[in-house]
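User: I am new to this structure and should be grateful for a close look at a single part of it. Please explain how that part is placed and how it relates to the remainder of the chain.

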Amino acid sequence: MAKLHRIISIVLRLAAAGAAAAAAIIMVTSHETTSFFGIEMDAKYSYTPSLIFFVVAFAVASAYSLLVILVRPGSTVARLVLLTDVMVGMLLTGAVAAAGAIADVGRNGNEHAGWLPICGQVRAYCGHVAGALISGFVSLVVYFLIIMYSLHAIAEPMCSCH
């Protein structure tokens, strides 16, 4: 049974690492230059702090997921893994929320602030950002599954209901 728990944990962590890495890579490759009324406009993820936070958070999550696979179950370090999983989950939630808010402003603008939408002019850039957000959300869901599975694996030996 312990071997099955280990295999499931590794598969979930590899899925989380892959989705997180994909989110970061897709966001980093989001770049487009266009001309608007004779003015050249350049759209890059690095121009927006929320999108930089997204890239860093998902790169860290991907590396963390791969490193945790090396931790031996039952070791002292393994006891901290659930806590750090929750912290990484919170980090990713903040990153998806921040990037999602900026993406919404880019897509719809903000009439009250006088901000115009830009996705009509830089469609490829907005498509990349949307793809990164989708991949980031998939990674976030997988992290939620990792946390739930870890809690189940910890609580199962304590339960006398079997």
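Analyst: **Helix α1 and its partners**

Ile 25 lies in helix α1, and this residue offers a starting point. The model is a predicted one, and what follows should be read accordingly. Ile 25 counts as exposed because its relative accessible area is 55%, and the limit for that class is over 50%. The C-alpha atom of Ile 25 is nevertheless 7.9 Å from that of Ala 132, although 107 residues separate the two along the chain.

A second residue of helix α1 presents another picture. Arg 13 also has its place in this helix, yet Arg 13 is buried, with a relative accessible area of 4%. The class follows from the limit, since buried means under 20% relative accessible area. Which residues does Arg 13 touch, once those up to four places away in sequence are not counted? Its contacts are Tyr 64, Ser 65, Val 68, Ile 69, Val 81, Asp 85, Ile 146 and Ser 150.

Among these contacts, Asp 85 deserves particular attention. The side chains of Arg 13 and Asp 85 meet in a salt bridge, with 2.6 Å from N to O. Arg 13 belongs to helix α1 (residues 2-28) and Asp 85 to helix α3, so the pair ties together parts of the chain that are 72 residues apart in sequence. A search of the whole structure finds 1 salt bridge.

The partner residue may be viewed from its own side. Asp 85 sits in helix α3, which runs over residues 78-108. Is Asp 85 buried or exposed? Asp 85 is buried, because its relative accessible area is 0%. With neighbours within four places in sequence left aside, Asp 85 is in contact with Arg 13, Tyr 64, Tyr 143, Ile 146, Ile 147 and Ser 150. Tyr 64, Ile 146 and Ser 150 appear among the contacts of Arg 13 and of Asp 85.

Helix α3 also holds Asp 104. With 43% relative accessibility, Asp 104 counts as partly exposed. The C-alpha atoms of Asp 104 and Cys 119 are 9.8 Å apart in space, and the two residues are 15 places apart in sequence.

Helix α4 comes next, with residues 123-155 and with Val 141 among them. Val 141 is partly exposed, at a relative accessible area of 36%. Together with Phe 137, Phe 144, Leu 145, Met 148 and Leu 151, Val 141 makes a nonpolar surface patch of about 550 Å². The surface as a whole can be set beside this patch: the protein exposes about 9,600 Å², and carbon and sulfur atoms supply 71% of that area.

These helices may now be placed within the overall arrangement. The protein has 4 helices and 2 strands, and from the N terminus on the elements run α-β-β-α-α-α. The link between Arg 13 and Asp 85 spans 72 residues of sequence, and the contacts of the protein can be considered in the same light. Of the contacts between residues at least 6 apart in sequence, 76% join residues at least 24 apart. Buried residues, Arg 13 and Asp 85 among them, make up 35% of the 162 residues.

The overall dimensions complete this view. Taken along the principal axes, the C-alpha atoms fill a box of roughly 70 × 30 × 20 Å. The radius of gyration is 19 Å, whereas a compact globule of 162 residues would have one near 15 Å.

Finally, the database record may be compared with the model. An unreviewed UniProt entry carries the feature "domain: Casparian strip membrane protein" at residues 4-141. In the model, this span is 69% helix and 9% strand, and its end C-alpha atoms lie 21 Å apart. The annotation "transmembrane region", likewise taken from an unreviewed UniProt entry, covers residues 47-71, 80-102 and 122-146. Residues 47-71 are 80% helix and 0% strand in the model, with end C-alpha atoms 37 Å apart. Residues 80-102 are 100% helix and 0% strand, and their end C-alpha atoms are separated by 33 Å.

To return to the part examined, helix α1 contains the exposed Ile 25 as well as the buried Arg 13, and the latter is joined to Asp 85 by a salt bridge.

How values were computed: Residues are numbered from 1 along each chain as its sequence is written. Side-chain values use heavy atoms; hydrogens and water are left out. Patches are made of residues with over 30% relative accessible area and no salt bridge: like charges are joined within 9 Å, nonpolar side chains (Val, Leu, Ile, Met, Phe, Trp, Tyr) within 5 Å. Accessible areas come from the Shrake-Rupley method with a 1.4 Å probe; for residues, only the protein chains shown count as cover. A salt bridge is a side-chain nitrogen of Lys or Arg within 4 Å of a carboxyl oxygen of Asp or Glu. Buried means under 20% relative accessible area, exposed over 50%, partly exposed in between (1.4 Å probe, protein chains only). The radius of gyration is taken over C-alpha atoms; the globule rule is 2.2 Å times the number of residues to the power 0.38. Contact means heavy atoms within 4.5 Å. UniProt positions are given in the numbering used here, feature names are shortened, and annotations may be inferred rather than shown by experiment.
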